[in-house]
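Student: I would like to learn how to read a structure like this one, feature by feature. Can we start with the sheet and work outward?

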Amino acid sequence: IVCLAACSKSSNGPAPTPTPKIAPTVVILGSSSAGGDGAKPLDSAWAYRIQGVVNGNGTKANFINLAVVGYTTYQALPTGYHTANRPAPDSNFNITKALSLKPSLVILSFPSNDIADNFTGTETMKNYASITHLLDSAKVQYIIFGDQPRNFSNYSQRLREKTLNDTIRNVYTAHVNDFFSALSTNTYLINPIYSAGDGIHLNNSGQALIMNATLKQPIFMEVVNGN
């Protein structure tokens, strides 16, 4: 009986202390839209609203926003890359910098500047391939935000924006956060109800649409919320 009691006590000892959950780090690379242009006040921008919702739910994720006004996918390329007659990577705001911060997730948001600067869709996709290759190699999850409509006066340029968005969605599938159609008119202008008035950026309603789409994005939910 004594032996059985001792054995029972040993097998039913104190439960192990659960391992504390490590707070995820989310790094955002992008341009003025990711920086919050169009939102009033600034904390109504999608990047800041997402952080508020996530941390308000108790996750306590660490968000680092490296977006810079006017930047394209070229500035986000790894340090040391060089393409003739194209912007050089910015080592303070590129994928090399993002990876140095040990992220759990990287969000890429370059919604229209590549098209505005007349880079081809092939160029942009090549840049995404270089960036995502590094992320895959580092085993870091990522989400590419699709393009956003922009009020280019030339319809062919607006069509190029839509075509690039379709290509991003088709190539990166589960890694994409796509809201182009939701933000666009049938001629690929910004839907007026989402426009900040400058033909480029989104108002608070547009920011909310992106925030809600991101919170429901499967990779975001998996990495940040643990779902």
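Tutor: We will take the sheet, the cores, one helix and one loop residue in turn. This is a predicted model, where local features need pLDDT of at least 70, side-chain atom pairs count only at pLDDT 80 or more, and totals for chains, interfaces and linings use all residues. Residues are numbered from 1 along each chain as its sequence is written, and side-chain values use heavy atoms, with hydrogens and water left out.

Student: In what order do the 5 strands lie in the sheet?

Tutor: Strands (E, at least two residues) and helices (H or I, at least four) are DSSP runs numbered from the N terminus. Two strands pair if DSSP finds at least two bridges between them. Here the order is β2-β1-β3-β4-β5, in an open sheet with parallel pairing. The edges are β2 (62-65) and β5 (176-177); each has a single partner strand, so one side of each lacks a neighbour in the sheet.

Student: How many bridges join β1 and β3?

Tutor: Strand β1 (residues 25-30) pairs with β3 (residues 105-109) over 5 bridges, in the parallel sense. Within this pair, V26 stands opposite L105 in β3.

Student: Which residues touch the most other members of the largest nonpolar core?

Tutor: A nonpolar core is a set of buried Ala, Val, Leu, Ile, Met, Phe, Trp, Tyr and Cys residues joined through side-chain atoms within 4.5 Å. Buried means under 20% relative accessible area, exposed over 50%, and partly exposed in between (1.4 Å probe, protein chains only). In this core of 27 residues, they are L29, V106, Y128, I168 and Y172. Elements that each supply at least two of its residues include β1, β3 and α7 (155-172). The largest share, 4 residues, comes from α6. A second, separate core has 26 residues, among them A34, L183, L202 and V223.

Student: How does the length of α6 check out, and what covers its buried residues?

Tutor: The expected span of a helix is 1.5 Å times one less than its number of residues. For the 17 residues of α6 that gives 24 Å, and the end C-alpha atoms are 24 Å apart, which agrees. Its buried residues include E123, M125, Y128 and L135. Among the elements covering the buried residues are α4, β3, β4 and α7. Just after α6, K139 takes a positive phi of about 55°.

Student: Is S184 buried or exposed?

Tutor: S184 counts as buried because its relative accessibility is 11%. S184 is found in the loop between α8 (180-183) and α9 (204-215). Contact means heavy atoms within 4.5 Å. Leaving out residues up to four places away in sequence, S184 touches P149, L189 and N191.
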